[in-house]
Amino acid sequence: MSLTRSVVLGCGSYLPEKVVTNDDLSKIVETSNEWIVQRTGIRERHIAEEGEFTSHLALKAAEAALADAGVEAETIDLIIMATSTPDNTFPATAVAVQNGLGITTGVAFDLQAVCSGFIFAMTTADAYLRAGLAKRALVIGAETFSRILDWTDRATCVLFGDGAGAVVLDAQEEPGDVKTDRGILSCHLRSDGSHKQKLYVDGGPSSTQTTGHLRMEGKEVFKHAVGMVTDVIHDAFEATGLTPEDLTWFVPHQANRRIIDASAKKLGIAPEKCVVTVERHGNTSAASIPLALDAARKAGQIKQGDLVMLEAMGGGFTWGSVLLRW
Ligand code: UT7
């Protein structure tokens, strides 16, 4: 029986021009290139200039995704923007992107699930498309985490960066066979608020009337990350009957090289199937997966028909997986 699937038509990304290396950071906090590379795999990150907002990065990524997909902006009737660093408390940064693209119809809203934001946004867009609530979606992950970092805290400020990525999803009829269908094949999301104090921002409109700074118990996050992501990936394999051997590419959230390597090893995913870009942009939270997807596409890696597993874990805790065929 044929099914409506959310098929990726194209992707795009944008990184701010300014690059900050580990050596640059060693001039402002007590750290070293050696420590950062060894513990995280990160070598450099991009930082937005003053006056360059999340919406500006997102708009550039969105325009690139539309061009890659070969579709006009006015054909988009759903924009979901995953971000924890919106331009303003409201309106949603998604409407700034919508306006920038010259779209005045359809629906645009923000979604907040920190580093899992892109997975949550893809899942939400997929539900809209499969339910017939929209026909073509722009799913964006965009962040300016540099604005919420405590630049005196070496345990966190070396880890994050700014950037944006986007994909265009189109509702298409597919034969209904997970072994050959294009599009999103399964989505699995989880949240557990009992961990909310392990990775959070110590401010907000309702509590302190300030933006606040990111605080993290890094070791605690690390301890849970591998188990959580492997759980939701097992869920995807169980739901579809597909296996790690069937995967063409594994595109994980780019937080820490050690988490990526350990997850792939535990799942039996070969290292050459892992897309790793964390060394070039650090942890860009909701932007990291679409940035990695776009890098892999530009490098000629991901091609039509490839089976791709996306996963993320982050503040909340939130975590999830999306399995799709490109
Ligand atoms: O996107 C999802 C959210 N985030 C994550 O996934 C991050 C998860 N956590 C991690 O990636 C790792 O826990 C970190 C990279 C944050 C830290 O690595 P770790 O191996 O867990 O190190 P640690 O926190 O146990 O710190 C080890 C030592 C400490 O010194 P002592 O107490 O052993 O003397 C830290 O003070 O390293 C010290 N340290 C640093 N040294 C140099 C912490 N930050 C730095 C630094 N430079 N930037």
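Start by selecting Pro91: you'll find it in the loop between β4 (78-82) and α4 (93-100). Helices here are DSSP runs of H or I with at least four residues, strands are E runs of at least two, and both are numbered from the N terminus. Now add Phe90 and look at the bond joining Phe90 to Pro91: the peptide is cis, with omega about 0°.

Before moving on, a word on what you're looking at. This is a predicted model, where local features need pLDDT of at least 70 and side-chain atom pairs count only at pLDDT 80 or more, while totals for chains, interfaces and linings use all residues. Residues are numbered from 1 along each chain as its sequence is written, and side-chain values use heavy atoms, with hydrogens and water left out.

Next, jump to Phe317, in the loop between β12 (307-314) and β13 (318-325). A cis peptide bond links Gly316 to Phe317, with omega about -10°.

Then pick Gln209, in the loop between β9 (199-201) and β10 (214-216). Gln209 isn't a glycine, yet its phi is positive, near 60°.

Now go to the ligand and show its shell, meaning residues with a heavy atom within 4 Å. Which residues come nearest? Of the 23 around the ligand, they are Thr31, Arg39, Lys219, His253 and Asn256.

Zoom in on the polar contacts (pairs of N or O atoms within 3.5 Å):

- Thr31: a polar side-chain atom lies 2.7 Å from a ligand nitrogen.
- Arg39: a side-chain N or O atom is 2.7 Å from a ligand oxygen.
- His253: a side-chain N or O atom is 2.8 Å from an oxygen of the ligand.

On its own the ligand has 960 Å² of accessible area, and the protein covers 73% of that (Shrake-Rupley, 1.4 Å probe).

Colour the shell by class and you get twelve nonpolar, six polar and five charged residues, with Gly counted as polar. Which helix gives the most to the shell? That's α7, with four residues. Highlight α2 (33-40), α6 (154-157), α7 (218-240) and α8 (257-267), each of which supplies at least two shell residues.

Last stop: colour by domain, using bounds from an automatic or database assignment. Domain 1 (3-174) and domain 2 (183-325) each bring at least three residues to the shell around the ligand.

Key: A polar contact is a pair of N or O atoms within 3.5 Å; within protein, one must be able to donate a hydrogen and the other to accept it, and residues adjacent in sequence count only if both atoms are side-chain atoms.
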